[in-house]
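Open the model in a viewer and keep the sequence panel visible. The tour below goes from one selection to the next.

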Amino acid sequence: MDGEGASVVISVAAVVISVLSLYVARRKDRRDALLKLHESLISPELQHGRRTVFLMQERGVRVEELSGEEYAVVNRALAAFDVVGLYCHKGYVSEKDVLELWAVPLVRLKYAGGAFLEYRDAQVAGMSTWPRFRRLADHAEAYLRARGVDVARLTGTAPAVPESRTEPS
């Protein structure tokens, strides 16, 4: 092989290594983003917000009856899932991975939080609040149905949450 042929082989090898490095780095970045989202979603504050949504449904509490603190934690819990939906839509994280981890809570929140979502929609006439959350929750419902999950049973009134578990830990 002459010097020109060796240069071509080395150049091709360098390009292949660069492409592989980019692929590995992108995969690692997506994994890290998913882990950060997951850690955020399991924070005590967001857990408290989700529990508050489920308690609203269970006890028949209207949005107008929520305290300022309760309203804020519910709002934050739902808004956090809108960010997750954005990350999925933009390809920053794999939607399949998110659904494997969060499909059940997403679907439960979709139904239990319906009154809160309607209340927020009424505040911004003509616009849907948290459209990426809603899209992701719809995908989560289809994901669960495709796996034979009884979504109607899953989204009925949630079992009572023990009083000792209604405050953030």
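Begin with helix H5. The model is a predicted one, and in it the buried residues of H5 pack against helix H3 (68–90), H4 and helix H6 (131–146).

**Stop 1: helix H5**

Select residues 114–123, which form H5, and colour its buried residues: Gly 114, Phe 116, Leu 117, Arg 120 and Asp 121. These cover an arc of only 160° around the axis, so they sit on the same side of H5. An α-helix has 3.6 residues a turn, so residues three or four places apart point the same way. Now turn to the face of H5 directed away from the buried side, where the exposed residues Glu 118 and Ala 122 are found.

Next, pick Tyr 119, also in helix H5. Is Tyr 119 buried, exposed or partly exposed? Its relative accessibility is 28%, and Tyr 119 therefore counts as partly exposed. Show its surroundings: setting aside residues up to four places away in sequence, Tyr 119 touches Val 63, Glu 64 and Tyr 71. For a distance check, draw a line from Tyr 119 to Arg 76; the two are 43 residues apart in sequence, and their C-alpha atoms are 15 Å apart in space.

**Stop 2: H3 against H5**

Keep H5 on display and add H3. Two packed helices are described by the angle between their axes and the distance between the axes. For H3 and H5 the angle is about 90° and the axes are 11 Å apart, and the two helices are therefore roughly perpendicular to each other. To see the contact, select Tyr 71, Val 74, Asn 75 and Leu 78 on the H3 side, with Phe 116, Leu 117, Tyr 119, Arg 120 and Gln 123 on the H5 side. Coloured by class, this contact of H3 with H5 shows six nonpolar, two polar and one charged residues.

Stay with Asn 75, which belongs to helix H3. Asn 75 is partly exposed, with a relative accessible area of 21%. Apart from neighbours within four places in sequence, Asn 75 is in contact with Phe 116, Arg 120 and Trp 130. Gly 49 is 26 residues from Asn 75 in sequence, and the C-alpha atoms of the two are 7.6 Å apart.

**Stop 3: Trp 130**

From Asn 75, move on to its contact Trp 130. Trp 130 is in the loop between H5 and H6, and it is buried, with a relative accessible area of 9%. What is the phi of Trp 130? Its phi is positive, about 55°, although Trp 130 is not a glycine. As background, most residues other than glycine have a negative phi.

**Stop 4: H3 against H6**

Select H3 and H6 together. Their axes come within 7 Å and cross at roughly 75°, which makes H3 roughly perpendicular to H6. On H3, show Leu 78, Phe 81, Asp 82, Val 84, Gly 85, Leu 86, Cys 88 and His 89; on H6, show Pro 131, Arg 132, Phe 133, Arg 135 and Leu 136. The residues of this contact between H3 and H6 divide into eight nonpolar, two polar and three charged.

**Stop 5: H2 against H4**

Hide the previous selection and show helix H2 (residues 44–59) with helix H4 (residues 95–112). Which way does H2 pass H4? The crossing is left-handed. H2 and H4 pack at an angle of about 45°, with their axes 9 Å apart, and are therefore oblique to each other. In H2, the residues to select are Arg 50, Val 53, Phe 54 and Gln 57; they meet Trp 102, Arg 108, Leu 109, Tyr 111 and Ala 112 in H4. By class, the contact of H2 with H4 comprises six nonpolar, one polar and two charged residues.

Another residue to pick in helix H2 is Thr 52. Thr 52 is buried, at 7% relative accessible area. Not counting residues up to four places away in sequence, Thr 52 touches Glu 70, Val 73 and Val 74. Gly 113 lies 61 residues from Thr 52 along the chain, and their C-alpha atoms are separated by 9.6 Å.

**Stop 6: Thr 155**

Finish with Thr 155, in the segment after helix H7 (151–154). At 13% relative accessibility, Thr 155 counts as buried. Beyond residues up to four places away in sequence, Thr 155 touches Gln 57, Val 107 and Tyr 111. Gln 57 and Tyr 111 also appear in the contact of H2 with H4.

Technical notes
Residues are numbered from 1 along each chain as its sequence is written. This is a predicted model: local features need pLDDT of at least 70, side-chain atom pairs count only at pLDDT 80 or more; totals for chains, interfaces and linings use all residues. Side-chain values use heavy atoms; hydrogens and water are left out. Axes are lines fitted to C-alpha atoms, for helices over the stretch in contact, and angles run from 0 to 180 degrees between N-to-C directions. Helices (H or I, at least four residues) and strands (E, at least two) are DSSP runs, numbered from the N terminus. Angles under 35 degrees count as roughly parallel, over 145 as roughly antiparallel, 65 to 115 as roughly perpendicular and the rest as oblique. A crossing is left-handed if the near helix is turned anticlockwise from the far one by less than a right angle, and right-handed if clockwise. Contact means heavy atoms within 4.5 Å. Ala, Val, Leu, Ile, Met, Phe, Trp, Tyr, Cys and Pro count as nonpolar, Asp, Glu, Lys and Arg as charged, and the others, Gly among them, as polar. Buried means under 20% relative accessible area, exposed over 50%, partly exposed in between (1.4 Å probe, protein chains only). The arc is that of the directions from the helix axis to the C-beta atoms.
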